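Me: I should like to learn how to read the packing of a helical protein from its model. Could we work through the features in turn?

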Amino acid sequence: MDEDPRGLFVTGAAAYLKWQGDLSDSLGLTTVSRDEADIMLLRAAELGNPDARQLILCLHKNNCWHHSLPTLNR
């Protein structure tokens with residue numbers, strides 16, 4: 001499962017949605033930490049997931065991405 005780009009993206013993105021308040025606590029969904037989310041988004045982007053690439057670029061543009069940008073030209 002660690003090499004499932006879509007699963008990595010969804011799990012990483014969910015953590016950001018929860019952090020922003022876009023996921024209700026009443027849903028009872030558990031998310032990973034933001035550090036883990038960043039690792040998952042980076043890995044998903046490395047594996048070619050276009051949604052992860054787009055989210056990283058969006059986070060970067062909004063000063064919410066505090067890591068180097070991955071090489072996104074695969």
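Reply: Let us begin with a pair of helices. The model is predicted, and in it the axes of α2 and α3 come within 8 Å and cross at roughly 130°.

Me: How is the angle between α2 and α3 to be put into words, and what is the hand of the crossing?

Reply: An angle between helix axes is sorted into classes, and values that are neither under 35 degrees, nor 65 to 115, nor over 145 count as oblique. The angle therefore makes α2 oblique to α3. As for the hand, α2 passes α3 in a left-handed crossing.

Me: Which residues form the contact between α2 and α3?

Reply: A contact is read by listing the residues on each side and then sorting them by chemical class. Leu-41, Leu-42, Ala-44 and Ala-45 come from α2, and they meet Ala-52, Arg-53, Leu-55, Ile-56 and Leu-59 of α3. Sorted by class, the residues of this contact are eight nonpolar, no polar and one charged.

Me: Where do these helices stand in the chain as a whole, and how many helices and strands are there?

Reply: The overall inventory places each pair in its setting. The protein chain has three helices and zero strands, and its pattern along the sequence is α-α-α. Of the 74 residues in the protein chain, 28% are buried. Contacts between residues at least 6 apart in sequence can also be examined by their separation: 51% of them join residues at least 24 apart.

Me: How do α1 and α3 lie with respect to each other?

Reply: The distance and the angle are again read together. Helix α1 covers residues 5-20, and its axis comes within 9 Å of that of α3, with a crossing of roughly 30°. Angles under 35 degrees count as roughly parallel, so α1 is roughly parallel to α3. The crossing of α1 and α3 is left-handed. On the α1 side the contact is made by Arg-6, Phe-9, Ala-13 and Tyr-16, and on the α3 side by Asp-51, Ala-52, Leu-55 and Leu-59. These residues divide into six nonpolar, no polar and two charged.

Me: What angle do α1 and α2 make, and which residues meet there?

Reply: The pair is treated in the manner of the others. The axes of α1 and α2 are 8 Å apart and pack at an angle of about 145°, and their crossing is left-handed. From α1 come Pro-5, Leu-8, Phe-9, Thr-11, Gly-12, Ala-13, Ala-15, Tyr-16 and Trp-19, which meet Arg-34, Ala-37, Asp-38, Met-40, Leu-41, Arg-43 and Ala-44 of α2. By class, the contact of α1 with α2 holds eleven nonpolar, two polar and three charged residues.

Me: Let us turn to single residues. Is Asn-49 buried or exposed?

Reply: Burial is judged from relative accessible area, and a value under 20% counts as buried. Asn-49 has a relative accessible area of 6%, so Asn-49 is buried. This residue lies in the loop between α2 (34-46) and α3 (50-61).

Me: What surrounds Asn-49, and what lies 3.0 Å from a polar atom of its side chain?

Reply: Contacts and polar pairs are read separately. With neighbours within four places in sequence left aside, Asn-49 is in contact with Pro-5, Arg-6, Phe-9 and Ala-44. A polar atom of the Asn-49 side chain lies 3.0 Å from the backbone nitrogen of Asp-51.

Me: Which residue does Asp-4 approach across the sequence, by C-alpha atoms?

Reply: Here separation along the chain is set beside separation in space. Asp-4 lies in the segment before α1. Its C-alpha atom is separated by 7.5 Å from that of Ala-44, 40 residues apart along the chain. Asp-4 counts as partly exposed because its relative accessibility is 38%.

Me: How are Thr-30 and His-66 placed?

Reply: Thr-30 is found in the loop between α1 and α2, and at 75% relative accessibility Thr-30 counts as exposed. Thr-30 and Thr-11 are 19 residues apart in sequence, and their C-alpha atoms are 9.8 Å apart. His-66 lies in the segment after α3 and is exposed, at 61% relative accessibility. The C-alpha atoms of His-66 and Asp-38 are separated by 9.2 Å, with their positions 28 residues apart along the chain.

Me: What backbone feature does Asn-63 show?

Reply: Phi is read for its sign as well as its size. For Asn-63 phi is near 60°, a positive value in a residue other than glycine. Asn-63 lies in the segment after α3 and counts as exposed, at 62% relative accessibility.

How values were computed:
Residues are numbered from 1 along each chain as its sequence is written. This is a predicted model: local features need pLDDT of at least 70, side-chain atom pairs count only at pLDDT 80 or more; totals for chains, interfaces and linings use all residues. Side-chain values use heavy atoms; hydrogens and water are left out. Helices (H or I, at least four residues) and strands (E, at least two) are DSSP runs, numbered from the N terminus. Buried means under 20% relative accessible area, exposed over 50%, partly exposed in between (1.4 Å probe, protein chains only). A polar contact is a pair of N or O atoms within 3.5 Å; within protein, one must be able to donate a hydrogen and the other to accept it, and residues adjacent in sequence count only if both atoms are side-chain atoms. Contact means heavy atoms within 4.5 Å. Axes are lines fitted to C-alpha atoms, for helices over the stretch in contact, and angles run from 0 to 180 degrees between N-to-C directions. A crossing is left-handed if the near helix is turned anticlockwise from the far one by less than a right angle, and right-handed if clockwise. Ala, Val, Leu, Ile, Met, Phe, Trp, Tyr, Cys and Pro count as nonpolar, Asp, Glu, Lys and Arg as charged, and the others, Gly among them, as polar.
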